[in-house]
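Hi everyone, thanks for coming. Today I'd like to walk you through one structure, step by step, so please have a look at it with me.

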There are 2 protein chains.
Amino acid sequence: MRLSELSRRSGVSVTTIKYYLREGLLPPGRQLSATQAEYDDDHLRRLRLIRALTGPRGLSVSITRDLLGALEEHTGDIHVLLGLALGAIGPVGEPEGDAPEGSPERGEVDRLVDELGWAVHAGAPARTTLAETLASLRGLGVPLDWRVLLPYARLAERTAALDFDQLEGIDDSLEVMERALLLTVLLEPALLALRRLAQENESARRHAGA
Amino acid sequence: MRLSELSRRSGVSVTTIKYYLREGLLPPGRQLSATQAEYDDDHLRRLRLIRALTGPRGLSVSITRDLLGALEEHTGDIHVLLGLALGAIGPVGEPEGDAPEGSPERGEVDRLVDELGWAVHAGAPARTTLAETLASLRGLGVPLDWRVLLPYARLAERTAALDFDQLEGIDDSLEVMERALLLTVLLEPALLALRRLAQENESARRHAGA
DNA sequence: CATGTTAGACAGTGAAGGTATCCAATGACC
DNA sequence: GGTCATTGGATACCTTCACTGTCTAACATG
């Protein structure tokens, strides 16, 4: 199909698709001549993936590019891809610029990971996010200890297990990677939404009980 | 203290503080004369709270304003405030513009909430977020059913219980509200970070096992 | 040959979150 | 009483991000 058809079928404007091509989010089509290029269903699929990952409050264009690049490079080894992906996604949204590197909070996070017995690499940006959250809350007078995070971490462990269960039974390797990415990223707002609803419910329960 | 001192003590520039005053995030100081105003520790505290809630990937200025407004108006009733707060925070980060209002996904979410037995109001934006996530994933060929979300919701339930446990033993009402807000908002990136780490660990586990 | 499409280049847009500058009116210190 | 920093208020400007619009010359298709 040609660019205009890709645009029509995806609902993404021609100019925006050009923008994605320019930014390297979408691989170029098969050049038929100087002014003609052919796109296929993979492009359409990729385009939909891009729209899903970016979008309101989603990933930035540059991170999406890195992620999609990793997906192409490392088809075959989920573990490697996920490592890259989870790293590439980067600090989920650091609350403050605290916790530089060798802060006491970093040590606590390492302690936490150790206690949990988790096999995660030392440079994971998620560690930084955790340290910054601790530092930030303390700066606001909330005396949060790493031990408080332990039960949360145990629940996260089970959440992760559920995530991987979703990938069972899929054979195609690329398919697995793509789905892993989607579940990791797109489920985030949903999980937070569930927490919000659960909080409202819990609030109602405790309020009624008192 | 005067504006310049507030700036020095908070690490926030004078112009930015003026900006927050203009936007109504920070209440004006006690006017001593036409060109002199007095700020107190509450302002400092409030300012720190603002920086914690906004900040990279945090809340928008307008939502923060609504939230802080609600906090002042409804000191005393956590349940009311939390309802407002969780509502005000709004769609956590909708993945796509799907699931308009009367979509089948909305019905599924209602079904899910019903199954869980949760007491949450019908207009909660988190419901929309969930519906949009379902719609978005389906549009990408992931056949996600609401039943898949059930175990996630059960874990969210326990997470919310942990959240409320953190508020136990605090007497001052304003203090409780503020902390509830902080834990709801600031813990979000931390919980996602824990999930990321747990995923990496789970990936390692399953990889090794295979 | 008329009309439509394309790649590539590049400037412009709009929202968000500040930042900078100017102002006349003080207030504080000497 | 003079000097200088500070204030609230107004307004203009800046930067980033994710697009969007416009233009051009080279084709492609009927």
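**Where protein meets DNA**

Let's begin at DNA strand C: the largest share of the surface near this strand comes from α2(B), which gives three residues. Before I go on, please keep in mind that this is a predicted model.

Who else is at that surface? In total, 20 residues surround DNA strand C, and the closest are R2(A), S4(A), A37(A), T16(B) and S33(B). You can see both protein chains in that list. Going by elements, α1 (3–10) and β2 (36–38) of chain A, along with α2 (14–23) and β1 (30–33) of chain B, each supply at least two residues. And the classes? The surface near DNA strand C has six nonpolar, 12 polar and two charged residues.

Now turn to the other strand. How many residues surround DNA strand D? The number is 20, and the closest are S33(A), A34(A), R2(B), L3(B) and A37(B). Here α2 (14–23) and β1 (30–33) come from chain A, while α1 (3–10) and β2 (36–38) come from chain B, each with at least two residues. The element that gives the most to this surface is α2(A), with three residues. By class, the surface near DNA strand D divides into seven nonpolar, 12 polar and one charged.

**One chain on its own**

Let's step back and look at chain A. It has nine helices and two strands. If you walk from the N terminus, you pass the elements in the order α-α-β-β-α-α-α-α-α-α-α. Along its principal axes, the C-alpha trace of chain A spans about 70 × 45 × 35 Å.

There is also a label from a database here. An unreviewed UniProt entry carries the annotation "domain: HTH merR-type" for residues 1–70 of chain A. Over those residues the chain is 59% helix and 10% strand, and the end C-alpha atoms are 26 Å apart.

How much of chain A is buried? Of its 210 residues, 41% count as buried. As for how the chain folds back on itself, take the contacts between residues at least 6 apart in sequence: 62% of them join residues at least 24 apart.

**Two chains together**

Next, the pair. In this model, 68 residues of chain A are in contact with 69 residues of chain B. On the chain A side, α3 (41–53), α5 (78–89), α7 (125–139), α8 (146–165) and α9 (173–209) each supply at least two residues. Which helix gives the most? That is α9(A), with 24 residues. Sorted by class, the side of chain A that touches chain B has 39 nonpolar, 15 polar and 14 charged residues.

How are the two chains related? As general background, two copies of a chain are related by a rotation about an axis and a shift along it. Here, a turn of 180 degrees and a shift of 0.0 Å along the axis lay chain A on chain B with an RMSD of 0.1 Å. That is the relation of a two-fold axis. The same surface serves both copies, as 100% of the contact residues of chain A recur in chain B. If you want to find the axis on your screen, look for L155(A): of the residues of chain A, its C-alpha comes closest to the rotation axis, at 3.2 Å.

**Inside and outside**

Let's finish with a few single residues. In soluble globular proteins, nonpolar side chains tend to be buried together. The largest nonpolar core here has 104 residues, and L194(A), L197(A), L194(B) and L197(B) touch the most other members. Looking past its neighbours within four places in sequence, L194(B) is in contact with Y152(A), A153(A) and A156(A).

Now compare two residues of chain B. E108(B) sits in helix α6 (residues 104–116), and D165(B) in helix α8 (residues 146–165). Is each one buried or exposed? E108(B) is buried, because 20 other C-beta atoms lie within 10 Å. D165(B) counts as exposed, because it has 12 C-beta neighbours inside 10 Å. Beyond its neighbours within four places in sequence, E108(B) is in contact with L134(B) and W146(B).

That's my tour, and I'm happy to take questions!

Note on methods. Residues are numbered from 1 along each chain as its sequence is written. Chains are lettered from A and ligands numbered from 1 in the order in which they are written. This is a predicted model: local features need pLDDT of at least 70, side-chain atom pairs count only at pLDDT 80 or more; totals for chains, interfaces and linings use all residues. Two residues are in contact if their C-beta atoms, placed from the backbone, lie within 7 Å. Helices (H or I, at least four residues) and strands (E, at least two) are DSSP runs, numbered from the N terminus. Ala, Val, Leu, Ile, Met, Phe, Trp, Tyr, Cys and Pro count as nonpolar, Asp, Glu, Lys and Arg as charged, and the others, Gly among them, as polar. A residue is near a molecule or strand if its C-beta atom, placed from the backbone, lies within 6 Å of it. UniProt positions are given in the numbering used here, feature names are shortened, and annotations may be inferred rather than shown by experiment. A nonpolar core is a set of buried Ala, Val, Leu, Ile, Met, Phe, Trp, Tyr and Cys residues joined through C-beta atoms within 7 Å. Copies are superposed by least squares on the C-alpha atoms of residues with pLDDT of at least 70 in both.
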